[in-house]
Amino acid sequence: TIQLTTHNGVGWLKLNRPKKLNALNETLLREMKTAIDEFEQDDAVRVIVLVGEGRAFSSGQDLTIESDADYGEYLEDVYHPLVRALFSSRKPIIAGIHGVVAGAGLSLALAADVRIVAKSTKFSSAFIKIGLVADAGGPYHLRRLMRDDLALDWLWSGSTIDSEAAHTFGLVTELVEDAMYTERLTSYAETLAAKSPVAVQGMKALMRAASFEEGLSEEIEWQRKCGDTDVHRQAMQAFLMK
Ligand code: LHQ
């Protein structure tokens with residue numbers, strides 16, 4: 001239900017249940033978690049990209065789940081290990097979003113570091129329409145990205161918004177014409193993968209620093225490591241030579 005490929009330093013994780021618009025079932029979610037762990041360990045993967053096969057990124061939780069299941073247990077056991085793996089990954093995670101993104105599919109996309117979005121994408125908060133709260137870390141990430149009142153207004157309404165509105169909300173890193181979307185996503189990911197992995201991962205870590213002082217103390221370590229890379233030394237030499 002997922003498809004993994006590695007090319008030019010990019011690990012592609014494609015949700016692959018196109019007939020169900022990549023609805024998230026237990027098998028798929030567990031496979032995703034394992035894949036993220038594998039990408040994290042694999043030195044050939046410098047950047048992770050999440051995408052969906054077919055006409056959507058993801059329609060959210062597979063609603064053929066038994067409605068008398070204990071959703072709390074399901075979240076704890078199936079979603080939370082995955083969203084923790086995404087949150088704690090040292091590598092950049094890019095969500096490539098097209099078509100439709102709904103419910104828990106939206107939560108996964110919001111867990112990525114950046115979102116490259118095709119213009120025709122529709123964003124659906126979905127949850128309230130079936131009487132549920134937003135889950136899978138979605139509210140946490142929404143709070144970082146957009147105003148609290150607008151986030152609540154959107155989640156309470158359950159409305160579907162277009163990509164321009166999502167961009168205004170702060171949910172979109174880069175909006176791309178549909179015709180250019182795949183090409184742009186690939187070049188974005190491969191360009192990032194070609195940069196110094198220590199500097200790229202360090203930037204991410206420092207953006208996550210819990211406080212000003214923690215940031216300062218962490219940058220000491222990161223800049224020391226970066227200063228000791230060939231990429232840096234060669235770039236300095238090239239600058240001084242010119
Ligand atoms: C689907 C789904 C789907 C199964 C399309 N499941 N089959 C919830 C529960 C428990 C615990 C954990 O957390 C959660 C969190 C959540 O994620 S709640 C939100 C769940 N998602 C939704 O409520 C969205 C449901 N889907 C839709 O509203 C529509 O399908 C959208 C607006 C996404 C797309 O509409 P259309 O473009 O008109 O496509 P479609 O509805 O015709 O769907 C195509 C097929 O995919 C269809 O199957 P079929 O066999 O009839 O061709 C759908 O049944 C299936 N599908 N979403 N979530």
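What follows is a chat about a predicted model of one chain and its ligand.

Reader: Hi! What secondary structure does the chain have?

Author: Hello! This predicted model has 10 helices and nine strands.

Reader: And why call the chain as compact as a globular protein of that length?

Author: Its radius of gyration is 19 Å, and the globule rule gives 18 Å for 242 residues; the two are close, so the chain is as compact as a globular protein of that length. Along the principal axes, the C-alpha trace spans about 65 × 40 × 35 Å.

Reader: Nice. What share of the residues is buried?

Author: Buried residues are 36% of the 242 in the chain. On contacts, taking those with a separation of 6 or more, 75% are between residues 24 or more positions apart.

Reader: Let's switch to the ligand. Which residues are closest to it?

Author: Ser59, Gly60, Gln61, Gly103 and Ala104 are the closest, out of 23 residues that surround the ligand.

Reader: Which elements supply at least two residues of that shell?

Author: Those are α2 (71-88), β5 (100-102) and α3 (103-111). Helix α2 gives the most, with three residues.

Reader: How does the shell split by class?

Author: Around the ligand there are 14 nonpolar residues, six polar ones and three charged ones.

Reader: Okay, new topic: helix α4. Which of its residues are buried?

Author: In α4, which runs over residues 138-145, the buried ones are Gly138, His141 and Leu142. Looking down the helix axis, the buried residues of α4 fall within an arc of 105 degrees, so they line one face.

Reader: What sits on the face turned away from that buried side?

Author: Two exposed residues, Arg143 and Arg144, are carried there.

Reader: And what covers the buried residues of α4?

Author: The cover includes α3 and α5 (148-157). Helix α3 also came up earlier, as a supplier of at least two residues to the shell around the ligand.

Reader: Good link! Last topic, domains. Where are the bounds?

Author: The domain assignment gives domain 1 as 2-193 and domain 2 as 197-241. Taken over C-alpha atoms, the centres of the two domains are separated by 29 Å.

Reader: How many residues of each domain are in contact with the other?

Author: Six residues of domain 1 are in contact with four of domain 2. On the side of domain 1 that touches domain 2, four residues are charged, two are nonpolar and none is polar.

Reader: Great, thanks for the tour!

Note on methods:
Residues are numbered from 1 along each chain as its sequence is written. This is a predicted model: local features need pLDDT of at least 70, side-chain atom pairs count only at pLDDT 80 or more; totals for chains, interfaces and linings use all residues. Helices (H or I, at least four residues) and strands (E, at least two) are DSSP runs, numbered from the N terminus. The radius of gyration is taken over C-alpha atoms; the globule rule is 2.2 Å times the number of residues to the power 0.38. A residue is buried if 20 or more other C-beta atoms lie within 10 Å of its own, exposed if 12 or fewer, and partly exposed in between; C-beta atoms are placed from the backbone. Two residues are in contact if their C-beta atoms, placed from the backbone, lie within 7 Å. A residue is near a molecule or strand if its C-beta atom, placed from the backbone, lies within 6 Å of it. Ala, Val, Leu, Ile, Met, Phe, Trp, Tyr, Cys and Pro count as nonpolar, Asp, Glu, Lys and Arg as charged, and the others, Gly among them, as polar. The arc is that of the directions from the helix axis to the C-beta atoms. Domain bounds come from an automatic or database domain assignment.
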